[in-house]
Amino acid sequence: MNLFQIPGLTWRQGLAATALSAAALLAACGGGGGGGSSGTEGALSVRLTDGQSCTYKQVFVTIEKVRVHRSASAEDTDSGWEELVLATPLRVDLMTLRNGVFENLGTLPLEAGDYSQVRLVLAENGGSAPYENQLTLEDDSVVALSTPSSQQSGLKLNVHMSIAAGETAELVLDFDPCQSVVRRGNSGHYNLKPVVTGYFEEVSAIRGTAAPGAFVSAQVAGGVLKSTVADEAGTFVLWPMVAGSYDVVVHAPTLANAALTGVVIPDDDTTIDVGALDVPANTGSVEIPGNVAANVDLVAVVNATQAVGGTTIEVATQPLGVTAGGSTAYSFTLAAGAPVSTPWVAGTAGYVFTAGAPNATADYTIGAAATGFASQSTAVTGLAAGAVASDVNFTFTAP
């Protein structure tokens with residue numbers, strides 16, 4: 001697999017994407033943007049899903065079109081673009097696209113051959129609610145999501161796609177609302193800085209059950225690659241994914257932090273069922289607050305991790321917009337006590353996580369990262385249930 005990273009957007013190339021469940025299908029039409037299609041045709045089917053591990057009530061984005069070009073360096077006004085233009089712009093709540101649910105954006109006929117750039121074009125906000133791009137917070141307040149002017153020509157993705165004559169290839173756009181919504185300082189305003197992963201052709205999944213409403217993620221060395229929220233029946237589906245070895249992490253306000261380690265997806269287009277994950281209740285919660293300051297405008301990502309079973313797991317994360325000369329506050333409410341883990345064994349129908357010897361305190365590492373700066377971290381240990389830690393502050397200073 002090749003992984004291409006550009007600001008706010010990643011690409012995973014595998015081998016034809018298989019959906020696990022579907023939301024309402026959206027009719028769309030495609031039209032050439034100047035390149036035409038005079039040779040033998042193939043097609044590209046585009047689907048939208050998301051990854052999420054946050055508590056926003058709604059995150060709406062409005063998609064106008066998807067653009068495709070043969071050249072990775074093509075500018076917005078160059079000839080040769082092919083466009084999948086939605087008959088009506090799609091305003092979709094990303095928080096509903098979980099556990100394998102997706103929106104079908106349509107199919108674009110393309111001349112067979114190689115394509116190296118995709119752009120996802122979002123609509124601009126109007127002057128009043130409901131906004132095209134909008135956030136609904138836990139208290140039901142509605143906030144417009146501001147989009148950077150640099151993205152008005154579309155969110156750019158450079159990638160190699162081979163379209164075969166007479167065949168329909170699959171492109172899945174995995175839009176992460178939790179990482180894409182960035183609080184702008186302490187102003188109460190929010191920016192939309194899309195974080196999207198593109199999967200081309202065959203993808204896989206991990207499924208199972210946990211406590212209803214639990215946050216579930218697939219991680220590698222403490223880095224979250226895919227996340228979701230278990231539904232009312234406790235069912236979760238981590239999709240789309242590619243072949244590899246992952247730690248499946250479960251956390252919730254009432255549960256201990258738990259990791260099912262070493263879950264192996266052997267091939268693309270494979271679903272691994274890990275069965276029921278029975279996680280013990282936690283011993284209460286702790287709060288870890290702090291601030292991130294900087295002398296330049298930046299987006300910092302703050303996270304909380306724990307060590308368990310020989311690996312590191314992430315149990316909370318928050319992107320923060322910081323303005324030059326200012327600071328932005330954050331706060332994590334986390335499980336008290338030690339995390340639990342058990343190794344995955346192929347074919348096992350379920351796992352019971354045992355807390356083991358009582359541990360009355362919680363130990364975490366709080367980290368902060370920003371593009372162009374060295375990462376920072378602070379250990380916070382010995383917190384008993386109900387404790388509020390001293391502020392854990394970070395400062396990013398550009399020369």
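**View 1. V249 sits across from A259 of strand β21.** We start with a pair of facing residues in a predicted model. Their strands are β20, which covers residues 244-251, and β21, which covers residues 258-265; the two run antiparallel and are joined by six bridges. Now zoom out a little: β20 and β21 belong to an open sheet of five strands, in the order β18-β17-β20-β21-β27, with mixed pairing. At the edges you'll find β18 (223-229) and β27 (340-343), each with a pairing partner on one side only. Going from one strand to the next, the twist averages 25°. What holds strands together like this? Strands of a sheet pair through backbone hydrogen bonds, either parallel or antiparallel.

**View 2. Here is an open sheet made of four strands.** Read across it and the order is β19-β16-β22-β28, again with mixed pairing. The edge strands, β19 (235-241) and β28 (350-352), each pair on one side only. From strand to strand, the twist averages 20°. Look for the place where β22 (residues 271-278) meets β28: three bridges link them, and they run parallel. One matched pair to find is L277 with its bridge partner Y351 in β28. While you're here, check out β19, which holds P240. The peptide bond leading from W239 into P240 is cis, and its omega is near 0°.

**View 3. Strand β15 is tucked inside the structure.** How many of the five residues of β15 (residues 196-200) are buried? Five of the five are, so the strand is largely enclosed by the rest of the structure. Follow the side chains along it: V196, G198 and F200 point one way, while T197 and Y199 point the other way, and all are buried. That back-and-forth is what you'd expect, because in a regular strand the side chains alternate between the two faces of the sheet. Strand β12 (residues 168-175) runs antiparallel to β15, and five bridges connect the two. Opposite Y199 of β15 stands V172.

**View 4. L44 and L48 are the best-connected members of the largest nonpolar core.** This core has 42 residues, and these two leucines touch the most other members. Who does L44 meet, once you skip its neighbours within four places in sequence? Its contacts include V68, L108, L110, M161, I163, L171 and F200. G106, T107, A169 and E170 are on the list too. There's also a second, separate core, with 35 residues, including V172, V203, A252 and I265. Why group residues this way? In soluble globular proteins, nonpolar side chains tend to be buried together.

**View 5. N104 reaches out to the backbone of G106.** N104 is part of strand β7, which spans residues 103-111. Its side chain comes to 3.1 Å from the backbone nitrogen of G106. Is N104 buried or exposed? With a relative accessibility of 19%, N104 counts as buried, because the cut-off is under 20%. In the loop between β6 (81-93) and β7 you'll find another asparagine, N99. N99 counts as buried too, at 13% relative accessibility. Its phi is positive, about 55°, although N99 is not a glycine.

**View 6. Two loops show backbone details worth a pause.** In the loop between β8 (113-122) and β9 (134-136) sits P130. The peptide bond joining A129 and P130 is cis, with an omega of about 0°. Next, go to D140, in the loop between β9 and β10 (142-146). D140 has a positive phi, near 75°, and is a residue other than glycine.

**View 7. S285 is partly exposed.** Its relative accessible area is 33%, and its home is strand β23 (residues 285-294). Which residues does S285 touch, leaving aside neighbours within four places in sequence? They are T333, L334, A335, A336, A385, G386 and A387. Try finding P253 as well: S285 and P253 are 32 residues apart in sequence, and their C-alpha atoms are 7.3 Å apart in space.

**View 8. Now step back to the whole protein.** It has one helix and 31 strands. Of its 399 residues, 49% count as buried. The protein exposes about 16,100 Å², with 51% of that supplied by carbon and sulfur atoms.

Note on methods:
Residues are numbered from 1 along each chain as its sequence is written. This is a predicted model: local features need pLDDT of at least 70, side-chain atom pairs count only at pLDDT 80 or more; totals for chains, interfaces and linings use all residues. Side-chain values use heavy atoms; hydrogens and water are left out. Buried means under 20% relative accessible area, exposed over 50%, partly exposed in between (1.4 Å probe, protein chains only). A polar contact is a pair of N or O atoms within 3.5 Å; within protein, one must be able to donate a hydrogen and the other to accept it, and residues adjacent in sequence count only if both atoms are side-chain atoms. Accessible areas come from the Shrake-Rupley method with a 1.4 Å probe; for residues, only the protein chains shown count as cover. Two strands pair if DSSP finds at least two bridges between them. Axes are lines fitted to C-alpha atoms, for helices over the stretch in contact, and angles run from 0 to 180 degrees between N-to-C directions. A nonpolar core is a set of buried Ala, Val, Leu, Ile, Met, Phe, Trp, Tyr and Cys residues joined through side-chain atoms within 4.5 Å. Contact means heavy atoms within 4.5 Å.
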